[in-house]
Amino acid sequence: QRRVFAALFAFLCAGVVVLGGVHVIGASFRPVLRTAWPSETLKAISSDAGTQQAGSGADTVLPSVHVRHAVALPDRVLLILKDGSSLPAPERFECLYSPANSSELRRQPLLAASLPDGPSLVHCPAEPSGVDVSLSLSLSPLVVPLPWDRLVYTALVDSRDNSTVVFAKGMNLRPGRLGVASRYQCVFGRDLSKPKHVLTSPVISAAQEVFRCVTPLRIRRYLRMSTDANGNGDSDDKPMLVSIRTKGQRDSTLPSIAEPEPLPRYNRHRGQKAHSMCVCTMLRNQARFLREWIIYHSHIGVDRWFIYDNNSDDDIEQVLNTMDSSRYNVTRHLWPWMKSQEAGFAHCALRARESCEWVGFIDIDEFLHFPGNQTLPDVLRNYKNRPRIGELQDCMSQLWPDALNPSLINVVHHFHLKEGVKYVNIGQGVMLINHYKYQVWEVFKDKFSGRVATYVADWQDEENVGSRDRAPGLGTKPVEPEDWPRRFCEVYDTGLKDFVHKTFTDPDTGSLPW
């Protein structure tokens, strides 16, 4: 019976695979399995599999692509994918919409962006409320978009004081002032709708869009266990989230997509930080100016850049890829949240704190300039051993990040400092900032598409139209005035222009390096 069974088994297997290529070297051998299927069949199967893997059509499905969250922004729907999701080019897949009692709708994505150290983002066209959304290449179920105007959108875990810093829209706290922290709680859990399955902790400070609360011991243990040696976080389909609960008779918890992300570990025994001067900026569609801005500030003493990209679609990634990474230490961080510059700067200040002695918060149309004989390193050196000086002010903020007030309040690039820490004003003869707010019209008119700051009106809003912040007399429409080139020229000073030409111009070609 054994022989009959063995013969039958060998006969059945022979039609599928042939054991061949046995090579004997010493006492070892390596069997190779080869298919006995016709070559034409094999080619057809391989071709189909290759087409599906490459994502050549809108109906291609990639199992690795998983939609974790969806947010309904005013002009689009943002899809946040699970870490590790790898996307093809946006023209090779579609956004799917499933309205109630209607057939499925399909639209081309507006934008897709991904970075190695975070989730991929897909921007889909806005659709009517009540529509579930997904992607044509994802096996994950349709997701109900959460409204942007009431949402906890990101969170950082601070090991210095075992707190969690939570960023939230919808609390309507006044700018520049502390809120009443005792009115709120932080809520941690995988399903925040089930009170029995969440942990709560007190809020320490509440200001603007930033809440700081105690991180429960169980959450700290969970985060340590869920982060492996490679730095990968929670990989479950239902991640740990944190939100803000308003206490009282109308007890309510904000919807949340915020997964607590640990900050770089605090090392109290460290010596000198890695970088003397860092810069944080937030931008949208400013790629054409980025090389000039980075190369210039590198020359005067900046050695680290944190770029918060607020939904750029102008090939900023290609521009950054042309920068020599051995000379320019630049990190791009996707920040899709609209009108949240103050929160973004607070987020950046925390990320830069462990590696930067000083951090400047400037826009890409602002340039530090030293009209006298001193340089940026000279100025910083004068205040290096003065711990009660936490901020150097001209028209922007150069901040010693260890002096941050725990509330992280900041208004127009200036932060509130810890108690007992002061700022100093740097004279304009030593250091100033050239702010090119009103550029050539083709550049300036882009400002009408929206502004990143939280507490200022957009250019097209009929609000504070006559204020200096709104360019008096310009109105709310992107129509170029006849006298635009000199209309808002408050100071005519060629000092920085002369310095740039003297320092950067190639003597042979007359060209600038950007």
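**Exercise 1. What pattern do the disulfides of the protein chain follow, with bonded cysteines counted along the chain?**

Solution. The model is predicted, so local features need pLDDT of at least 70 and side-chain atom pairs count only at pLDDT 80 or more, while totals for chains, interfaces and linings use all residues. Residues are numbered from 1 along each chain as its sequence is written, and side-chain values use heavy atoms, with hydrogens and water left out.

Step 1. Apply the criterion: a disulfide is a pair of cysteine sulfur atoms within 2.5 Å. A search of the whole structure then finds four disulfides.

Step 2. Number the bonded cysteines along the chain; the pattern reads 1-2, 3-4, 5-8, 6-7.

**Exercise 2. Describe the disulfide of cysteine 95 and cysteine 124 by its geometry, its place in the chain and its burial.**

Solution.

Step 1. The S to S distance between cysteine 95 and cysteine 124 is 2.1 Å. The angle about the S-S bond is -85 degrees, which makes the link of cysteine 95 and cysteine 124 left-handed.

Step 2. Cysteine 95 is in strand 5 and cysteine 124 in strand 8 (residues 121-125); the pair links distant parts of the chain, 29 residues apart. Helices (H or I, at least four residues) and strands (E, at least two) are DSSP runs, numbered from the N terminus.

Step 3. Buried means under 20% relative accessible area, exposed over 50%, and partly exposed in between (1.4 Å probe, protein chains only). Cysteine 95 has 0% relative accessibility and therefore counts as buried. Cysteine 124, at 0% relative accessibility, also counts as buried.

**Exercise 3. Treat the disulfides of cysteine 186 and of cysteine 278 in the same way.**

Solution.

Step 1. The sulfur atoms of cysteine 186 and cysteine 213 are 2.2 Å apart, and the link is left-handed, with -95 degrees about the S-S bond. Cysteine 186 lies in strand 13 (residues 184-189) and cysteine 213 in strand 15 (residues 210-214), so this disulfide ties together parts that are 27 residues apart in sequence. Cysteine 186 and cysteine 213 are both buried.

Step 2. For cysteine 278 and cysteine 356 the sulfur atoms are 2.0 Å apart. This link is left-handed as well, with -90 degrees about the S-S bond. The pair links distant parts of the chain, with cysteine 278 in strand 19 (residues 275-283) and cysteine 356 in strand 22 (residues 356-361), 78 residues apart. Cysteine 278 and cysteine 356 are buried.

**Exercise 4. In what order do the three strands of the open sheet lie, and why is one side of strand 6 and of strand 9 left without a neighbour?**

Solution.

Step 1. Two strands pair if DSSP finds at least two bridges between them. The order in the open sheet is 6-5-9, with antiparallel pairing.

Step 2. Strand 6 (105-107) and strand 9 (132-135) stand at the edges and have a single partner strand each, so one side of each lacks a neighbour in the sheet.

Step 3. From one strand to the next, the twist averages 25 degrees. Axes are lines fitted to C-alpha atoms, for helices over the stretch in contact, and angles run from 0 to 180 degrees between N-to-C directions.

Step 4. Strand 5 (residues 95-98) pairs with strand 9 in the antiparallel sense over four bridges. Tyrosine 97 has valine 133 in strand 9 as its bridge partner.

**Exercise 5. Classify the aromatic pair of tyrosine 438 and tryptophan 484 and that of tryptophan 441 and phenylalanine 444.**

Solution.

Step 1. Rings of Phe, Tyr and Trp (its six-membered ring) pair if their centres lie within 6.5 Å; planes under 30 degrees apart count as stacked, over 60 as edge-to-face and the rest as tilted. The search of the whole structure finds 21 aromatic pairs.

Step 2. Tyrosine 438 and tryptophan 484 are edge-to-face, at 6.0 Å centre to centre with 85 degrees between the planes. The pair links distant parts of the chain, 46 residues apart: tyrosine 438 is in the loop between strand 29 (432-435) and helix 8 (441-444), and tryptophan 484 is in helix 9 (residues 484-487). Tyrosine 438 counts as partly exposed at 23% relative accessibility, whereas tryptophan 484 is buried with a relative accessible area of 5%.

Step 3. Tryptophan 441 and phenylalanine 444 form a tilted pair, 5.8 Å centre to centre and 40 degrees between the planes. Both residues lie in helix 8, three residues apart, about one turn of the helix. Tryptophan 441 counts as buried at 7% relative accessibility, and phenylalanine 444 counts as buried at 0%.
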